[in-house]
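These are my notebook entries on one structure, written down in the order in which I looked things up.

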Amino acid sequence: MHDLAVYQTNGEGGPQSYANAAAWYRKAAEFGVVDSQFNLAVFYQDGLGISPDLAEALFWFEIAGRSGDADARSTAQLLAGRVGPDVARDIRDRAEGWAARTSDPEANGSFGPQPWNGGISQDQALAIQIRLNGLGYDAGIADGMFGQKTGTALAAFAEDQGLEVTPGVSADIISALNAATPS
């Protein structure tokens with residue numbers, strides 16, 4: 001979202017559109033992307049693609065500043081003097097109660113158990129890869145994708161444990177992985 005906003009701001013890959021950029025900065029800002037929070041504040045301050053609104057600019061500078069952006073903190077202090085003490089206090093209170101939205105895992109490609117992933121979720125595959133690698137079985141890069149290398153490592157582990165090697169991941173193999181200790 002942030003990158004798309006930057007492309008829209010600069011007119012990369014298509015026509016420049018501050019209005020579209022502002023919309024994408026807002027979406028990313030709401031998910032806690034500090035650079036988008038700062039840029040959205042600048043858009044409100046300067047009226048780029050949206051109506052100028054110093055109070056809303058102050059709010060987003062406050063949010064970005066609370067996330068560690070030093071430039072946002074100093075700009076928020078300057079803007080606080082321009083909007084007046086009552087408005088500034090209300091905005092600080094609003095910023096204090098603000099929380100970033102949490103992402104929807106499915107929208108980001110994190111799905112439940114999938115046949116193409118050994119019948120397990122990406123999170124489960126990642127945990128199994130980390131565990132196998134920690135036990136000395138080369139499952140490859142721990143990326144949450146149940147590929148041939150993970151399958152081979154899992155089969156070797158199952159054989160070493162005297163378990164039946166099956167397609168996918170059985171409950172017995174999971175139990176054995178959880179109980180195994182590195183040698």
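**Entry 1: the start of the chain**

I began with Met1, which sits in the segment before α1 (2-10), and I kept in mind throughout that I was reading a predicted model. Is Met1 buried, partly exposed or exposed? I noted a relative accessibility of 43%, so Met1 counts as partly exposed. I then looked for what surrounds this residue and, leaving aside residues up to four places away in sequence, I found that Met1 touches Trp24, Lys27, Ala28 and Phe31. For one of these partners, Lys27, I also wrote down the C-alpha to C-alpha distance to Met1, which is 6.9 Å for two residues that are 26 residues apart in sequence.

**Entry 2: helix α3 against helix α4**

Next I turned to helix α3 (residues 34-46) and its packing on α4, where the axes are 8 Å apart and the angle is about 160 degrees. Angles over 145 degrees count as roughly antiparallel, and α3 and α4 are therefore roughly antiparallel to each other. I recorded the crossing of α3 with α4 as left-handed.

Which residues meet here? From α3 I listed Val34, Gln37, Phe38, Leu40, Ala41, Val42, Tyr44 and Gln45, and from α4 Leu54, Glu56, Ala57, Trp60, Phe61, Ile63 and Ala64. Sorted by class, this contact of α3 with α4 holds 12 nonpolar, 2 polar and 1 charged residues.

**Entry 3: two residues followed up, Leu54 and Thr75**

I followed Leu54 further, a residue of helix α4 that counts as partly exposed at 25% relative accessibility. Apart from residues up to four places away in sequence, Leu54 touches Gln45, Leu79, Arg82 and Val83. I also checked Leu54 against Glu164, which lies 110 residues away along the chain, and found 66 Å between their C-alpha atoms.

Thr75 was my second choice, and I placed this residue in helix α5 (residues 70-83). Is Thr75 buried or exposed? Its relative accessibility is 19%, and Thr75 therefore counts as buried, since the limit for that class is under 20%. With residues up to four places away in sequence again left out, Thr75 touches Gln45 and Phe61.

**Entry 4: salt bridges**

How many salt bridges does a search of the whole structure find? I noted 7, and I went through three of them one at a time.

The pair I took up to begin with was Glu30 and Arg26, whose closest N and O atoms are 3.7 Å apart. Both residues belong to helix α2 (residues 18-30), and because they are 4 residues apart there, about one helical turn separates them. I have Glu30 as partly exposed with a relative accessible area of 23%, and Arg26 as partly exposed with 24%.

Then I looked at Arg66 and Glu62, which form a salt bridge with the closest N and O atoms 3.4 Å apart. This pair is 4 residues apart in helix α4 (residues 54-66), so here too the separation is about one helical turn. Arg66 is partly exposed, with a relative accessible area of 43%, whereas Glu62 is buried, with 14%.

My third pair was Asp138 and Lys149, whose side chains meet in a salt bridge at 3.2 Å, N to O. Because Asp138 lies in the loop between α7 and α8 while Lys149 is in helix α8, the pair ties together parts that are 11 residues apart in sequence. I recorded Asp138 as partly exposed at 48% relative accessibility and Lys149 as partly exposed at 46%.

Finally I asked which residues are linked in a network of salt bridges, and wrote down Arg26, Glu30, Glu56, Arg94 and Arg101.

**Entry 5: helix α7 against helix α8**

My last look was at helix α7 (residues 122-134) and helix α8 (residues 148-160), whose axes come within 10 Å and cross at roughly 60 degrees. α7 and α8 are therefore oblique to each other, and I noted their crossing as left-handed. The contact is made by Ile128, Gln129 and Leu132 on the side of α7, and by Thr150, Ala153, Leu154 and Phe157 on the side of α8. By class I entered 5 nonpolar and 2 polar residues for this contact of α7 with α8, with no charged residues.

Note on methods:
Residues numbered from 1 in each chain as written. Predicted model: local features only at pLDDT ≥ 70, side-chain atom pairs only at ≥ 80, totals over all residues. Heavy atoms only, no water. Axes fitted to C-alpha atoms, helices over the stretch in contact; angles between N-to-C directions. Parallel < 35°, antiparallel > 145°, perpendicular 65-115°, else oblique. Left-handed = near helix turned anticlockwise from the far one by under 90°. Contact = heavy atoms within 4.5 Å. Nonpolar A, V, L, I, M, F, W, Y, C, P; charged D, E, K, R; others polar. Salt bridge = Lys/Arg side-chain N within 4 Å of Asp/Glu carboxyl O. Buried < 20%, exposed > 50% of the residue type's maximum accessible area, 1.4 Å probe, protein only.
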